[in-house]
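Please work through the exercises below with the structure in view, and try each task yourself before you read its solution.

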Amino acid sequence: MTEKTIIRFENVTKKYDQDTVLNKVSFEIERGKFYTLLGPSGCGKTTILRLIAGFIEPTEGNIYFNGKVINNVPADKRQVNTVFQDYALFPHLNVFENVAFGLRIKKMKKADIAEKVKEALRFVNLAGYEEREISEMSGGQRQRVAIARAIVNEPEILLLDEPLSALDLKLRTEMQYELRELQRRLGITFIFVTHDQEEALAMSDEIFVLNEGEIQQSGTPIDIYDEPINRFVADFIGESNIVPGRMIRDFLAEFAGQQFECVDRGFSPNETVEIIIRPEDLEMTEPEQGNLVIKIDSQLFRGVHYEISGYDQAGNEWLVHSTKRAAVGDSVGLRFDPEAIHVMRFGETEEEFDRRLEGYGQNGTAAAEGERQ
Ligand SMILES: Nc1ncnc2c1ncn2[C@@H]1O[C@H](COP(=O)(O)OP(=O)(O)OP(=O)(O)O)[C@@H](O)[C@H]1O
């Protein structure tokens with residue numbers, strides 16, 4: 001834990017009757033960053049938000065806020081506010097009164113309320129909309145009112161539960177940009193929930209990828225995209241070619257019936273692995289110039305590129321994004337850089353990976369480096 005840590009989960013489990021919806025989840029959240037919880041429906045994202053907000057308590061484990069256990073601290077005593085998917089605005093109150101609501105409950109002075117509401121509305125670009133009825137506001141504007149209502153309380157953490165899912169694509173993209181900007185300007189911690197991987201990649205400083213109540217991987221968008229820890233993450237984030245392979249030794253993998261240099265380490269000789277190469281890392285060439293050859297099976301025009309797929313001699317399917325056109329039935333070469341090859345162990349989570357590498361670092365790295373020279 002560092003000085004910057006604001007929230008820490010330590011082996012947090014949440015059960016409903018016998019159903020375990022979060023299983024020994026541990027992570028840290030730092031002050032002032034934009035975090036995203038990403039995962040398919042039902043994986044436990046909202047459960048994590050509700051635990052942080054204080055709407056539910058953990059079954060096991062501890063939740064820390066600024067270093068103190070807060071498992072049983074009620075929601076209204078936490079410096080956390082939530083923006084819900086449906087905004088939960090009061091339809092019978094105007095914009096000003098919606099935003100002022102929490103401050104009135106705190107019995108703040110009238111003049112101070114007016115000041116703070118004005119500032120919050122300015123932050124979300126709604127200055128001048130004070131008297132408007134909620135029914136006269138568009139989806140994007142309602143969203144901003146909901147955010148203003150949350151930030152007016154000056155929380156240390158803002159929780160956002162799929163706040164953009166009701167908006168159309170164009171507005172959604174605009175709001176992604178606005179939310180990111182808002183987080184930078186406010187400098188508080190945002191924890192954002194989505195099942196949309198593009199949204200997570202575009203907005204976050206850090207992403208936690210969840211599946212079935214466990215964190216599969218955490219890291220920056222680039223880390224997670226370039227170095228997915230397992231098939232689930234690789235499949236969930238972007239499109240991937242995943243083919244079965246085997247490590248001959250460190251830096252040398254065998255797949256598609258051939259041996260290839262690769263940069264990943266930490267596997268035992270002969271170990272069965274999964275190899276991932278992103279479609280945009282494959283270059284289409286003449287057959288004799290490729291690292292491997294595929295026979296093209298389909299081709300789709302996608303505007304910026306062609307999406308081409310085909311099979312190699314070993315029967316693996318390959319997806320290629322190419323600005324070049326090809327013809328169905330043609331044999332073409334695929335060329336790739338060793339840097340683009342990423343090696344994974346089936347089903348391994350980040351924690352398991354870290355534990356394995358700890359042991360590996362002591363006796364494996366030096367030997368492997370020696371072997372390479
Ligand atoms: N009060 C509850 N009682 C019983 N089961 C619950 C309760 N709340 C949530 N669950 C279950 O816990 C699991 C995780 O739910 P959660 O809402 O955290 O998922 P999520 O990742 O946010 O999903 P979504 O994207 O669909 O909102 C689901 O299987 C859900 O059915």
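The exercises that follow concern a predicted model, and each task is followed by a worked solution.

**Exercise 1. Domains**

State into which domains the protein is divided, and how far apart their C-alpha centres lie.

Solution. Begin with the bounds: domain 1 covers 5–226, and domain 2 covers 240–372. Then turn to the separation, for which the C-alpha centres of domain 1 and domain 2 are 38 Å apart.

**Exercise 2. The partners of strand 11**

Determine with which strands strand 11 pairs, and in which sense.

Solution. Start with strand 14, residues 272–277, which pairs with strand 11, residues 241–249, over 6 bridges in the antiparallel sense. Within this pair, Val243 has Ile275 of strand 14 opposite it. Next take strand 12, residues 252–255, which is joined to strand 11 over 4 bridges, again in the antiparallel sense. Here the residue opposite Met247 is Ala253 of strand 12. Finally, look at the hairpin of strand 11 and strand 12, where 2 residues lie between the strands and Phe251 adopts a positive phi near 70°.

**Exercise 3. Two packed helices**

Describe how helix 4 and helix 5 pack: at what angle, with what handedness, and through which residues?

Solution. Two quantities are needed, since a pair of packed helices is described by the angle between the axes and the distance between them. For helix 4, residues 139–151, and helix 5, residues 169–186, the angle is about 20° and the axes are 11 Å apart. Because angles under 35 degrees count as roughly parallel, helix 4 is roughly parallel to helix 5. The crossing of the two helices is right-handed. On the side of helix 4 the contact is made by Gly139, Gly140, Gln143 and Ile151, while helix 5 contributes Leu171, Met175 and Leu186. Sorted by character, the residues of this contact are 4 nonpolar and 3 polar, with no charged residue.

**Exercise 4. An open sheet**

Give the order of the strands in the open sheet of 5 strands, and explain why one side of each edge strand has no neighbour in the sheet.

Solution. The order is 15-19-16-17-18, and the pairing is antiparallel. Strand 15 (283–285) and strand 18 (317–322) are at the edges and each has a single partner strand, so one side of each is left without a neighbour in the sheet. From one strand to the next the twist averages 45°. To follow one pairing in detail, note that strand 15 is joined by 3 bridges to strand 19, residues 331–335, and that the two run antiparallel. In this pair Met284 stands opposite Leu334 of strand 19.

Key
Residues are numbered from 1 along each chain as its sequence is written. This is a predicted model: local features need pLDDT of at least 70, side-chain atom pairs count only at pLDDT 80 or more; totals for chains, interfaces and linings use all residues. Domain bounds come from an automatic or database domain assignment. Two strands pair if DSSP finds at least two bridges between them. Axes are lines fitted to C-alpha atoms, for helices over the stretch in contact, and angles run from 0 to 180 degrees between N-to-C directions. Angles under 35 degrees count as roughly parallel, over 145 as roughly antiparallel, 65 to 115 as roughly perpendicular and the rest as oblique. A crossing is left-handed if the near helix is turned anticlockwise from the far one by less than a right angle, and right-handed if clockwise. Two residues are in contact if their C-beta atoms, placed from the backbone, lie within 7 Å. Ala, Val, Leu, Ile, Met, Phe, Trp, Tyr, Cys and Pro count as nonpolar, Asp, Glu, Lys and Arg as charged, and the others, Gly among them, as polar.
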